[in-house]
Structure formats: structure tokens, C-alpha cells
Amino acid sequence: MATNATQDEDKLVDPITERPGFDETESRIAISGHPIHAMSVAFPIALTFCAFGADLLYWWTGDAFWARAAIWAAGTGFGFGMLAAFSGTAELLLVSGIRARAAPWTHAIIAVTLLALLGASWAHRLYGYEEAVLPYGILLSGLSLVMVGFTGWHGGKLVFDYRLGTAKGS
Ligand code: HEM
């Protein structure tokens, strides 16, 4: 038995040495070592909150100003979200250690769901931004808020738990 166990141990392979580049996780899409993705996600996150807030204020006050603010927040949130997604996708495809892990692909799927909601929230308002708010505008901006929280939380996991995109220790 002991001999068989030793033979099994001999067959074990270290996945990290088997996959060259698995520990290469440093950001490539960066300015002076600062990842562009991390810098750009603040905009869609903040604008998603603004869109929901403006929808709530329109519901409360009935003032058209808030419906106009909501269409701008949803549209610019979608636009900046697309820009953030480009830098994130480049990071995902170009950095071998990020590409090889499952979690960043999960993050991409969550993020694309968020972008679809932001795009729908904006497009829905294009042909009458006041009538669009209730009920579907606020429903879409509320769902976007939930998804942006999930996306941001998961992105933070990638960086702070898995250390993806961070500089290697010296
Ligand atoms: C397909 C689209 C996306 C991909 C492939 C992607 C990929 C990544 C990757 C690889 C990281 C690790 C850090 C790095 O290497 O820069 C990351 C971090 C992060 N992502 Fe994304 N991402 C996408 C879209 C988004 C969007 C739309 C948001 C939010 C609106 C977002 C929020 C975050 C956050 C908050 C972090 C943590 C940044 C930090 O704290 O330093 N991501 N993402």
C-alpha cells in the first residue's frame, strides 16, 4: 500500500510549474504601473448610482429636470462602462496569469450583464425620457445598481483576494 501511495505521489504534477505564466498577474494596461481599469471603473459606478438617485427624485418631485438627469447619467454610465470594459478585456486577454484563472472570466460575465442593463436603461429613455421613468426606467436603474455593486465587489475580490493586476513583490 505504502509503495502505491508513493507511486501516486510521484505522478502528481504542480499546476503552477506546468502552466508557464500562471504567476504573471501584473497589469499591462497601466500608466506608470497604475492599472487603467481600476482608474476607469469609478465613473460607471458613480453614474449608475446617479441614474437611480435621479429616478427616485423624479418619482418624488415630478420635476422633469430629474428625468433629464437620469437619461444623462444612464447614457454616460453606459459609455464609461464600455470604456472600462475595454481596458478590463485587454487585461484579461493579454496577461497570462489573469487569462488562466476562472475568476476574471466570471467577472467579465457579471460586467457584461451590467452593461446590458445600463444600455437598456439608456435606450429605453431615448424616445421620451419623462414617461420612461415609471415603471421601467427606475426598474432598470435599480437592477443596474444591484449589478454594479456585485461587479465592483467581485472586481475588488480579484485585486485584494487574488492579487490580480497588482505589482509583484520585490
Ligand atoms: C468585460 C468587462 C470586464 C473585464 C474583462 C474586467 C476585468 C477585470 C480584471 C482582470 C480586474 C483585475 C484588476 C486588473 O487587472 O486591472 C478587474 C478589476 C475590477 N473591475 Fe473589472 N472588468 C470588466 C468590466 C468591469 C466593469 C464594467 C466594472 C464596473 C463598472 C468593473 C469593476 C471592477 C473593479 C471595481 C475592479 C477592482 C479594481 C481595484 O480595486 O483596483 N469591471 N476587472
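How many nonpolar, polar and charged residues does the shell around the ligand have?

## Ligand shell

By class, the shell holds 18 nonpolar, eleven polar and one charged residues. Here Ala, Val, Leu, Ile, Met, Phe, Trp, Tyr, Cys and Pro count as nonpolar, Asp, Glu, Lys and Arg as charged, and the others, Gly among them, as polar. The model is predicted: local features need pLDDT of at least 70 and side-chain atom pairs pLDDT 80 or more, while totals for chains, interfaces and linings use all residues. Residue numbers start from 1 along each chain as its sequence is written.

Among the 30 residues around the ligand (C-beta atom, placed from the backbone, within 6 Å of it), Ala-38, Gly-88, Ala-111, Gly-155 and Gly-165 come nearest. Two or more shell residues are given by each of H3 (36–40), H4 (42–61), H5 (64–94), H7 (102–125) and H8 (133–160). Helices are DSSP runs of H or I with at least four residues, numbered from the N terminus.

## H7 and H8

The axes of H7 and H8 come within 9 Å and cross at roughly 160°. Axes are lines fitted to C-alpha atoms over the stretch in contact, with angles from 0 to 180 degrees between N-to-C directions. The two helices H7 and H8 are therefore roughly antiparallel (over 145 degrees). The contact of H7 with H8 has 15 nonpolar, ten polar and one charged residues.

## H5 and H8

For H5 and H8, the axes come within 12 Å and cross at roughly 35°. Ala-67, Ala-70 and Ala-74 of H5 make the contact with Val-133, Gly-137 and Ser-141 of H8, where contact means C-beta atoms, placed from the backbone, within 7 Å. These residues divide into four nonpolar, two polar and no charged.

Key: Angles under 35 degrees count as roughly parallel, over 145 as roughly antiparallel, 65 to 115 as roughly perpendicular and the rest as oblique. Two residues are in contact if their C-beta atoms, placed from the backbone, lie within 7 Å.
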